[in-house]
Amino acid sequence: MKKNLAEISVCCCLFMLSACGGKSEASYTQPDGSLDECTLRFSWWGGDDRHEATLEAIELWNELHPEITIVAEYGGWDGWTEKVSAQISGNTAPDVMQINYDWLINFSKDGLGFYDLYTLDNLDLSGYDEETLLFGEVKGHLNAVTVSMSGRGLFYNSEVYDSIGASYPETWDDLLALGATFESYGLYPLDLDIQTGGTAWYLAVVYVQQTTGREFISMDGDLGFTVEDIKAALDFYKSLEDNHVIRTVQTRTDEDGNAALYQSAEFISGKIAGVLEWGSAIGKYESVLDEGVLESGPLLTDGSGNSGGWMIKPSLLYAISADTEYPDEAAEFMDFLLNNEQCAEILGTTRGIPASSYAFNHLSETGQLDGLAQENSIMLSEADTVNVSPYMELTRMKEFYNTAIEKVSYNAADTADAAQEMYDSITEYLESIK
């Protein structure tokens, strides 16, 4: 399977190779610029584990820099893009923002939507290799800095699996076969969070990318799947429902309402015994179960050992508002979040494995690079991964995926018709925005 833009970055930073772009011998020095007394707004989304750690890091910052007060703005992912979009449009965006990968396309097609970080002296970028920095570059302007690289993995409730004598699946056939066993106990071996947008489609895409060797969408926004490929992905999704591997959309809606899967009583109680999640975000699932219950499972293969098709991307990035009145102060705070050792200890892996070699090396030296995020990264490092295209993550694209999934799940359309509709919609939309 072909690897794209940041193959070197992924090898160096996502998967914990000690050099991390050849920066392991560099010495981090806290920037010492002249700063104004001010108040900065910092916004992010996430689960409670990320919120608590970030608030603690802000407390440390306020102790170290009493002249610069940080005001926190945070919440869950649902509706977060719309909220920030309204702020950016209204020129009321926070000074420092945690942003998603696709926001660079949404808000900065010309590279001017966020502050050019290359122009700020208070931000130390020496802990990053060039390939990693390119993820946040638009038209020659560094709009954002990658916080961590991540990929989705499979995580299971070990107590539930052990209680019925089930093993974690290693192949797609293994996964399908688990459905009957779990159904006899009134359980599900896995479920896919439809509230986060695109999760169900993501797994189907991995399956088809692995079996065909074709990429769904290129980094430049070209659709690589044929109509037949999209149909195969929808057929696979429907087989998960039909074999009682996952709940139908109707069942999820009836049981969970609008709750995210990690907040669902069905997951917390163990009725749902597995999830597909980004390694950088798995902490919110861990936090609602007893310690050590959630475990990482193998990346599924086709049975011949082919691990292709699984995907990686910047899990999130930090950016500074183009309208901030205090760019130097915002840069100093961003530097603290990315590179400061004390901050790294507090944040841990709540945003994934740090891409900054300074934060990464410190966590490694102090034995803090462990847990599910670490395990997920190691497995992805050993797989033949591809980069997630930012176009794949656009909100409108996720609407196309979810529409097709829902039509197939509710039997409102067969997979052939749903595939043709998705293909036509995606093709038209990609042409319009490019």
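Me: What volume does the largest cavity have?
Reply: About 150 Å³. Keep in mind that this is a predicted model.

Me: Which residues are closest to its centre?
Reply: Val147, Leu337, Leu347, Gly348 and Pro354. The lining of the largest cavity has 17 residues in total.

Me: Which elements give two or more residues to that lining?
Reply: One strand, E6 (145-157), and the helices H13 (327-339), H14 (341-347) and H15 (357-365).

Me: And how do the residues of that lining divide?
Reply: 11 are nonpolar, 5 polar and 1 charged.

Me: How many cavities of 30 Å³ or more are there?
Reply: The count comes to 5. The second largest has a volume of about 60 Å³.

Me: What lies nearest the centre of that second one?
Reply: Asp193, Arg247, Arg252, Asp256 and Ala259. They belong to a lining of 11 residues. By class, that lining has 5 nonpolar, 1 polar and 5 charged residues.

Me: New topic: helices. At what angle do H8 and H9 cross?
Reply: Roughly 120°. H8 covers residues 199-212 and H9 covers 227-242, and their axes come within 9 Å.

Me: Why are they called oblique?
Reply: Perpendicular stops at 115 degrees and antiparallel needs over 145. The roughly 120° crossing is therefore oblique.

Me: Left-handed or right-handed?
Reply: The crossing of H8 and H9 is right-handed.

Me: Which residues meet there?
Reply: From H8, they include Trp201, Leu203, Tyr207 and Val208. From H9, they include Asp229, Ile230, Phe236 and Tyr237. The H8–H9 contact has 13 nonpolar, 1 polar and 1 charged residues.

Key. Residues are numbered from 1 along each chain as its sequence is written. This is a predicted model: local features need pLDDT of at least 70, side-chain atom pairs count only at pLDDT 80 or more; totals for chains, interfaces and linings use all residues. Side-chain values use heavy atoms; hydrogens and water are left out. Axes are lines fitted to C-alpha atoms, for helices over the stretch in contact, and angles run from 0 to 180 degrees between N-to-C directions. Helices (H or I, at least four residues) and strands (E, at least two) are DSSP runs, numbered from the N terminus. Angles under 35 degrees count as roughly parallel, over 145 as roughly antiparallel, 65 to 115 as roughly perpendicular and the rest as oblique. A crossing is left-handed if the near helix is turned anticlockwise from the far one by less than a right angle, and right-handed if clockwise. Contact means heavy atoms within 4.5 Å. Ala, Val, Leu, Ile, Met, Phe, Trp, Tyr, Cys and Pro count as nonpolar, Asp, Glu, Lys and Arg as charged, and the others, Gly among them, as polar. On a 1 Å grid over the protein atoms alone, a cavity is a set of points where a 1.4 Å probe fits but cannot get out, and a pocket is an open set with protein on both sides within 12 Å along at least five of seven lines; lining residues have an atom within 4 Å of a point. Grid points are joined across faces, edges and corners, and a volume is the space filled by probe spheres set on the points.
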